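User: I have a model open and want to learn how to read its features. Can we go through them step by step?

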Amino acid sequence: MEIDAAASGAMLKRERVRDAILELIEARRPGDAIPSERALCASLGVSRPTLRAAVDELVVAGLLVREHGRGMFVAAEKITQELISGRNSFSVPRAGGVWTSRLLEFSALPAGARVSRKLRVSPAAEVLYAARLRLVDGSPVAIEHLHVRADLVPGLTREELEQGDLYEHLRDRHGIRVSEAVQSIEPTVVTRAEADLLDVPELSPALLFERLTTDSRGRAVEYVHSLYRGDRYRIVSRLTLSARHEQPAGKEGHHPGIPPGDFTGGDPVTFSTRGVVQHNP
């Protein structure tokens, strides 16, 4: 395959411009202005189209904000969730910021064909469905659609879904001890209705999480699919690589998108992830 020298040169030039702007961002605080496009073009020695292409990438990535008539500003910090594996357990470090939930819908309904396959119950079996808007420091970050087996959590209340950590409620009030979750992650964009809830433009990038959680008795407890804002959520994984002669302690993986908090009470828990796409600008 012959590489287009012009295209390659343009890409490398835009990358150098992007790195220069990133240095400006990292030297400032959220809300601070960065120099105008004209000033940046002059200082970096590049054309306006090249500069705008780099700036566009950083706006989409949620690192810069354009305000018409005012200029460009450093965006708010992303909510970062760091995932660290331990030798005998895998708890979830709490993500940054104050997390709250706003319940959009809560009802009991038949599982139906798709959810019943996930939860391994009859299509006629009753599940509790909840749609929640997750907020961090009052700003919308994610939309969650939860399906929980009704027979396992009789008396689950709206308050439990809005206040505190749901997995702690399941453990402390309903005797459900989570032991495993299998989760997939893929990139997507938001619809107009989702954009309105998340306070972003339509077709903005997002991360789609799908998770099936089982308890210590091997029962499927919860099926969830969630939509996280791509411009506000970042996943950082810390990986420990063992030497060739060492045997791994267990089948450990990372599990972004799991609600923050240690919901197992220190009990061992295994997470496996398939089809992971990590966005870390």
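**Reading salt bridges, a helix and two strand residues**

Analyst: Start with Arg70, which is exposed, with a relative accessible area of 58%. The cut-off matters here: exposed means over 50%, and buried means under 20%. Keep in mind that this is a predicted model.

User: Which residue forms a salt bridge with Arg70, and how far apart are the closest N and O atoms?

Analyst: The partner is Glu67, with the closest N and O atoms 2.4 Å apart. Glu67 counts as partly exposed, at 31% relative accessibility.

User: How many salt bridges does the structure hold?

Analyst: There are 18. For each, check the distance, then where the partners sit. Take Glu210 and Arg114: their closest N and O atoms are 3.3 Å apart. This pair links distant parts of the chain, since Glu210 is in strand β9 (residues 205-215) and Arg114 in helix α4 (residues 112-119), 96 residues apart. Arg114 is partly exposed at 42% relative accessibility.

User: Which residue forms a salt bridge with Arg173?

Analyst: Glu160 does, and the closest N and O atoms are 3.7 Å apart. Arg173 lies in helix α6 (residues 166-174) and Glu160 in helix α5 (residues 158-162), so the bridge ties together parts that are 13 residues apart in sequence.

User: Is Glu160 buried or exposed?

Analyst: Buried, with a relative accessible area of 3%. Its partner Arg173 counts as exposed, at 57%.

User: Which residues are joined into one network by salt bridges that share partners?

Analyst: Glu37, Arg48, Arg52, Asp56 and Arg66.

User: Now a helix. What should the 13 residues of α3 span, and how far apart are its end C-alpha atoms?

Analyst: The idea is to allow 1.5 Å a residue and compare. The expected span counts one less than the number of residues. Helix α3 (residues 48-60) should therefore span 18 Å, and its end C-alpha atoms are 18 Å apart, so the two agree.

User: Which residues of α3 are buried?

Analyst: Thr50, Leu51, Ala54, Val55 and Leu58. These residues cover an arc of only 130 degrees around the axis, which puts them on the same side of α3.

User: Which exposed residues does the face turned away from the buried side of α3 carry?

Analyst: That face carries Pro49 and Val60. Then look just past the helix: Gly62 takes a positive phi of about 80 degrees.

User: Next, a strand residue. Where does Val127 lie?

Analyst: In strand β6 (residues 126-136). Read accessibility next: at 1%, Val127 counts as buried, because the cut-off is under 20%.

User: Which residues is Val127 in contact with, leaving aside its neighbours within four places in sequence?

Analyst: Ser107, Ala108, Leu109, Pro110, Ala111, Leu119, Val148 and Ala150. Take Leu109 from that list. Its C-alpha atom and that of Val127 are separated by 5.7 Å, with their positions 18 residues apart along the chain.

User: Let me try the routine on Ser226. In which strand is it found?

Analyst: Strand β10 (residues 220-229). Accessibility comes next: Ser226 is buried, with a relative accessible area of 2%.

User: And which residues does Ser226 touch, not counting those up to four places away in sequence?

Analyst: Ile143, Glu144, Leu207, Leu208 and Phe209. Place the residue, read its accessibility, then list its contacts.

Note on methods:
Residues are numbered from 1 along each chain as its sequence is written. This is a predicted model: local features need pLDDT of at least 70, side-chain atom pairs count only at pLDDT 80 or more; totals for chains, interfaces and linings use all residues. Side-chain values use heavy atoms; hydrogens and water are left out. Helices (H or I, at least four residues) and strands (E, at least two) are DSSP runs, numbered from the N terminus. Buried means under 20% relative accessible area, exposed over 50%, partly exposed in between (1.4 Å probe, protein chains only). The arc is that of the directions from the helix axis to the C-beta atoms. Contact means heavy atoms within 4.5 Å. A salt bridge is a side-chain nitrogen of Lys or Arg within 4 Å of a carboxyl oxygen of Asp or Glu.
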